[in-house]
Every structure is written in structure tokens, then in C-alpha cells.
Amino acid sequence: MWIYEKVLEFPVTLHKKDLRMAKLIMTQLGGPNGELAAALRYLQQRYTMPTGKTKGLLTDIGTEELAHVEIIASMIYQLTENATPEEMKACGLGPNYAQFGHGIQPSDANGVPFTSAYINVFGDSVTNLHEDMAAEQKALATYYQLINLTDDVDIKNVLRFLGEREIVHYQRFGEALMDVYEYTDCQKLF
């Protein structure tokens, strides 16, 4: 179904270790407003969409969100590369290290593990699209907040790119909502 291109959607080349920032960025990996939750939400919600256009849109955006998971994970791994157990402990990643070593588990910045409870899939396409628009706005706000927490230009550039994509997704979901309303109005005529 998908073709995987073995290159990141946006290059991640971070030049220095920053475990504090890695821990904060983790929220976009496995937090409630993060990329993994968005990808799974959209790929499940596509089945509730009444038109091929809206199903295709949720498939496209859900797939792109998986690419964002890859970007976020790349950032975290680069920011934690060669970290000692003592460094991991000092920045609050000690519990992750104790359980998984240098493997990064999807969680939020507080270490709360990812849960499928973050994924909202209703049987109503209008409700789902409103949820999706809100999710994109929450993710955008989180990217802005993360940008405010670092002075590293390389980190900021990646976060800005991801934030820009959230804006595009919000707009596309708005278009999908109009498509669903139009479809629903046409159905009422018959």
C-alpha cells in the first residue's frame, strides 16, 4: 500500500548532545498530542469517512504523521547519542534507561507511556474531523512551546518544519470537513 522512501521528510542533523531537550521532545513521540497518536488516529478514522476524497486525505496525513514519528525519533536518538547512564539519570531519563537502555520508548516528557487512549475514533465523520483539527492545533502549540525551550537553531529548524506541516494538515482537514458537509447535503436531496 505504501512506498517507503529511505530518507527523512526533513533532514535531522543535530550537532550536540542535549538530553534535557530530548526528554522534552519525547512528548511529540508518545504524548497525547504527539505524532504517533495522530498517525494512528487518522489511519483509523479514515474508515468513517463517507467519500473517497476524505478517506484518501486521512490516509495521506496519517502516513505523513508516521514520517513525523521517524523525524522525532531521529531527533531524540541524536540528542541522546553516547549518553552515559549518569547523564540519562541526571536529566530524568533514568527510568527509561533502567528499562530499555538507550532505546527510547514512546512516552510523554514526564515518562508516561503511550496509550491507545489518546486515539479518538468516533462513528461520525464530522466529529472526527473536528477532533483532527483540534489535534493539529494542539500539536502546533506544543511545537511552538518546544521552540521556546531551546536556543539550538538546528532543533528549532526541525520543529518549525513540523509545525508548518501541522498548519497544512489543519487546513486540509478543514477542506475535508467542507467535503463531508457537501456530501451530507447531497444525500439529503435524495
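The questions and answers below concern helices and single residues in a predicted model.

In this predicted model, local features need pLDDT of at least 70 and side-chain atom pairs count only at pLDDT 80 or more, while totals for chains, interfaces and linings use all residues. Residues are numbered from 1 along each chain as its sequence is written, and side-chain values use heavy atoms, with hydrogens and water left out.

Q: Why are H3 and H7 called roughly antiparallel?
A: Helices are DSSP runs of H or I with at least four residues, numbered from the N terminus, and the axes of H3 (residues 35-45) and H7 (residues 125-148) cross at roughly 165 degrees, coming within 11 Å. Axes are lines fitted to C-alpha atoms, for helices over the stretch in contact, with angles from 0 to 180 degrees between N-to-C directions. Angles over 145 degrees count as roughly antiparallel (under 35 roughly parallel, 65 to 115 roughly perpendicular, the rest oblique), and H3 and H7 are therefore roughly antiparallel to each other.

Q: What makes up the contact of H3 with H7?
A: Contact means heavy atoms within 4.5 Å; H3 contributes Glu 35, Arg 41, Tyr 42 and Gln 45, and H7 contributes Asn 128, Glu 131, Asp 132, Ala 135, Glu 136 and Tyr 143. These residues divide into three nonpolar, two polar and five charged.

Q: How do you know whether the span of H4 agrees with its number of residues?
A: The expected span of a helix is 1.5 Å times one less than its number of residues. The 29 residues of H4 should therefore span 42 Å, and the end C-alpha atoms are 42 Å apart, which agrees.

Q: Why does Ile 25 count as buried or exposed?
A: Buried means under 20% relative accessible area, exposed over 50%, and partly exposed in between (1.4 Å probe, protein chains only). Ile 25 has 0% relative accessibility and therefore counts as buried. Ile 25 lies in helix H1 (residues 19-25) and, leaving aside neighbours within four places in sequence, is in contact with Ile 72, Met 75, Ile 76, Leu 79, Leu 146 and Ile 155.

Q: What makes Ser 125 buried or exposed?
A: Ser 125, found in helix H7, has a relative accessible area of 10% and is therefore buried. Leaving aside neighbours within four places in sequence, Ser 125 is in contact with Thr 48, Met 49, Pro 50 and Val 180.

Q: Why does Asn 82 count as buried or exposed?
A: Asn 82 has 66% relative accessibility and so counts as exposed. Asn 82 is found in the loop between H4 (52-80) and H5 (85-90), and has a positive phi of about 65 degrees although it is not a glycine.

Definitions and conventions
Helix = DSSP H or I, 4+ residues; strand = E, 2+ residues; numbered from the N terminus. Nonpolar A, V, L, I, M, F, W, Y, C, P; charged D, E, K, R; others polar.
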